Amino acid sequence: MTLTQPFVTEVDFASGVFSPRRGVYQRRLSDMIGMVADPEAAARILESEGDRLIYEVHTVELPVEEGQIPHCTTRILPGTIGGECHMTKGHYHARREQGEVYFGLSGRGLLLLQTAEGETSELEMTAGSAAYVPPYWAHRTVNIGAEDFVFFSVWEARAGHDYGTIERDGFRKLVVLRDGEAVVVDNPKYA
Ligand SMILES: [Fe+2]
């Protein structure tokens with residue numbers, strides 16, 4: 001075990017930016033081709049307007065060992081791809097028995113959850129919402145507003161991320177914009 005020194009991070013609620021700046025990564029349209037319901041629409045946007053930013057993550061960097069509690073912010077930009085609202089890739093935890101907590105900082109979002117057995121759940125999140133992702137639920141967040149949706153996440157270091165299952169099978173539910181309103185619909189391509 002490593003003895004980690006205590007530290008504090010200032011979090012900007014509107015942007016999710018960490019001060020001091022720690023780990024930062026971005027997911028662009030080209031990273032999301034395998035995740036969106038309409039990859040052809042994504043390819044057309046890439047061609048016409050370039051590789052738009054979909055979401056950005058600011059995270060602490062901690063050893064992956066028992067008892068460490070990583071935490072990050074995610075900022076999802078508003079927008080759609082082939083009518084589907086901007087979202088994160090979504091994942092199961094590699095260790096399925098590990099949960100997570102999300103806390104809304106700004107904007108409006110929807111937390112999509114599903115189990116391998118076929119249960120689904122959709123939770124609305126705004127600034128001040130604390131959402132619980134229980135063990136065994138895959139989770140993806142979606143921006144359903146006109147502004148950035150920003151939230152804070154806390155999980156156990158060994159939970160790990162399994163993006164591959166979602167990349168292969170997709171999510172059972174999609175969030176699409178209809179007449180300016182975000183609507184949850186069945187994913188016709190769900191494997
Ligand atoms: Fe997670």
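Let's start with Val175 in this predicted model. Setting aside neighbours within four places in sequence, Val175 is in contact with Glu84, Cys85, Met87, Leu110, Val142, Ile144, Ala182 and Val184. One of those partners, Val142, shares a distinction with Val175: these two residues have the most contacts inside the largest nonpolar core, a set of 32 residues.

Which elements give two or more residues to this core? They are β4 (53-59), β8 (100-106), β9, β12 (138-143), β13 (149-155) and β14 (173-178). Among these, β9 gives the most, with four residues.

That makes β9 a good strand to follow next. On one side of the story is β12, which pairs with β9 in the antiparallel sense over six bridges. Within this pairing, Leu110 has Val142 of β12 as its bridge partner, and Leu110 is also one of the contacts of Val175. As for β12 itself, five of its six residues are buried, so this strand is largely enclosed by the rest of the structure.

β9 (residues 109-114) is also joined to β10 (residues 120-125), again antiparallel and by six bridges. Here Leu113 has Ser121 of β10 as its bridge partner. The hairpin of β9 and β10 has five residues between the strands, and in this hairpin Gly118 takes a positive phi near 105 degrees.

The two pairings of β9 can be set side by side:

| Pairing | Sense | Bridges | Example of bridge partners |
|---|---|---|---|
| β9 and β10 | antiparallel | six bridges | Leu113 and Ser121 |
| β9 and β12 | antiparallel | six bridges | Leu110 and Val142 |

Note on methods:
Residues are numbered from 1 along each chain as its sequence is written. This is a predicted model: local features need pLDDT of at least 70, side-chain atom pairs count only at pLDDT 80 or more; totals for chains, interfaces and linings use all residues. Two strands pair if DSSP finds at least two bridges between them. A nonpolar core is a set of buried Ala, Val, Leu, Ile, Met, Phe, Trp, Tyr and Cys residues joined through C-beta atoms within 7 Å. A residue is buried if 20 or more other C-beta atoms lie within 10 Å of its own, exposed if 12 or fewer, and partly exposed in between; C-beta atoms are placed from the backbone. Two residues are in contact if their C-beta atoms, placed from the backbone, lie within 7 Å.
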